[in-house]
Amino acid sequence: MEGETSWFSHSFDDMAREIGEFDSFSELSDEGNKEATAVSVDLILPDDLLERILACLPVASIFRARCVCKRWYEIVSSKRFLWNFSRVLSQKPWYFMFTSSNEPTGYAYDPILRKWYGIELPCIETSNWFIASSCGLVCFMDNDSRTELYVCNPITKTHKKLRDPPGLRFSDYSALAVSVNRKSHGYTISIVKSKQVTGNFFQWDVSVHIYDSETMRWVTTLTEVLTGWRGGDESVICDGVLYFLIYSTGGGAPKNRHGLITYNLSSCPPPGLLIRSFIPVPCPLTCGRLMNLKEKLVMVGGIGKQDRPDIIKGIGIWVLNGKAWQEIARMPHKFFQGFGEFDDVFASSGTDDLIYIQSYGAPALLVFDMSQRHWRWSQKCPVTKRFPLQLFTGFCFEPRLEISP
């Protein structure tokens, strides 16, 4: 299929498979009746230098490099190579687009080589599971009981099933987040659960549950009742602080329908913390998407019309500095129109310097580079819309080889 590359079937799981040995060779040229010898760089570079060079390649190119010769295969398969790869600060994040509402099938977009790859995700059973990612690891949580959790590396396929989280087994809303320490590779997972108080639509029980990979234990760190607000499904961890969006349930006619809660994971919260840590959103939003870009909180939001805040008129990007929002960019109208019919809610995620934005109604994917303030479309995803109500969604993750849950 055009635009699809199948190298991903050669994952690190089958590295033990033997490959043929390709000898280095010299080429002869008879141009001008003179013999010239082309010396292979492979012959003159020591292993340690070659390892450092290969470690700087995009992940897709590293997989291809394994097939060049026996020497390269052994280098890329070595633990020392993974150590060198871990010292590369960042790979540009990929975006995985689900192409089925039921099956967890889809394609991953590589923004460096601008190609789509057909890959299979481990653990996840349907595309409507909760998903969070950080530094090469992706966390999946089922959408039914919300107790089945996995952490995996989608590149190497290594994965781990976690213990059931505490708290309500069935909550009305849940928000999942994960944060990975780049040095120790330890990780923290948070789940914010929200359930309506019986018989009272305006009051909601909100609880925060934290998992530490080093202790392999869950801890319920906060339980509180909110009046006029409820939790949702949007949260992220930045620099040790948990951020999650809350949504108005009426009873007070707030200026905006959304608000942000900040929660320091390292401190013991006093009662009533949530309402005191409330930060209003910068303008009326149809929806908000939170993401961690270099340990700074970034929000991509659908901007509502002044007289009809539930109808989207554009998309903005903001960074939180302290308790103040700084607008970074607004999507140019030509890109907004390029999506065709754009819903009031949409998918968006990002890491490093890239932000991906996708309409649920089409496989079009827009990329915004924060460092260059540049918008551009991705290469066309090798999938077509088969029926009018077909939905598309996705998530971004950083492709890493050296990290495992």
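How many of the 5 residues of strand 4 are buried? Keep that in mind while I go through this model, which is predicted.

Strand 4 covers residues 94-98, and 5 of its 5 residues are buried, so strand 4 is largely enclosed by the rest of the structure. Now look at where the side chains go. In a regular strand, side chains alternate between the two faces of the sheet. Here Trp94, Phe96 and Phe98 point one way, while Tyr95 and Met97 point the other way. Each of these is buried.

Next, the partners. Strand 4 pairs with strand 27, residues 393-397, in the antiparallel sense, over 5 bridges. Within this pairing, Met97 stands opposite Gly394 of strand 27. Strand 4 is also joined to strand 5, residues 105-110, by 4 bridges, again antiparallel. There, Tyr95 stands opposite Tyr109 of strand 5. Strands 4 and 5 form a hairpin, with 6 residues between them.

Now the cysteines. How many disulfides are there? The count is 0. Take Cys152 as an example. The closest cysteine sulfur to that of Cys152 belongs to Cys123, and it is 5.3 Å away, which is too far for a bond, because a disulfide needs the two sulfur atoms within 2.5 Å.

Are Cys152 and Cys69 buried or exposed? Cys152 has 0% relative accessibility, so Cys152 counts as buried. Cys69 has 5%, so Cys69 counts as buried too. The cut-off for buried is under 20%.

To go back to the start: strand 4 has 5 of 5 residues buried, and strand 4 has antiparallel pairings with strand 27 and strand 5. That is what I have for today.

Technical notes
Residues are numbered from 1 along each chain as its sequence is written. This is a predicted model: local features need pLDDT of at least 70, side-chain atom pairs count only at pLDDT 80 or more; totals for chains, interfaces and linings use all residues. Side-chain values use heavy atoms; hydrogens and water are left out. Buried means under 20% relative accessible area, exposed over 50%, partly exposed in between (1.4 Å probe, protein chains only). Helices (H or I, at least four residues) and strands (E, at least two) are DSSP runs, numbered from the N terminus. Two strands pair if DSSP finds at least two bridges between them.
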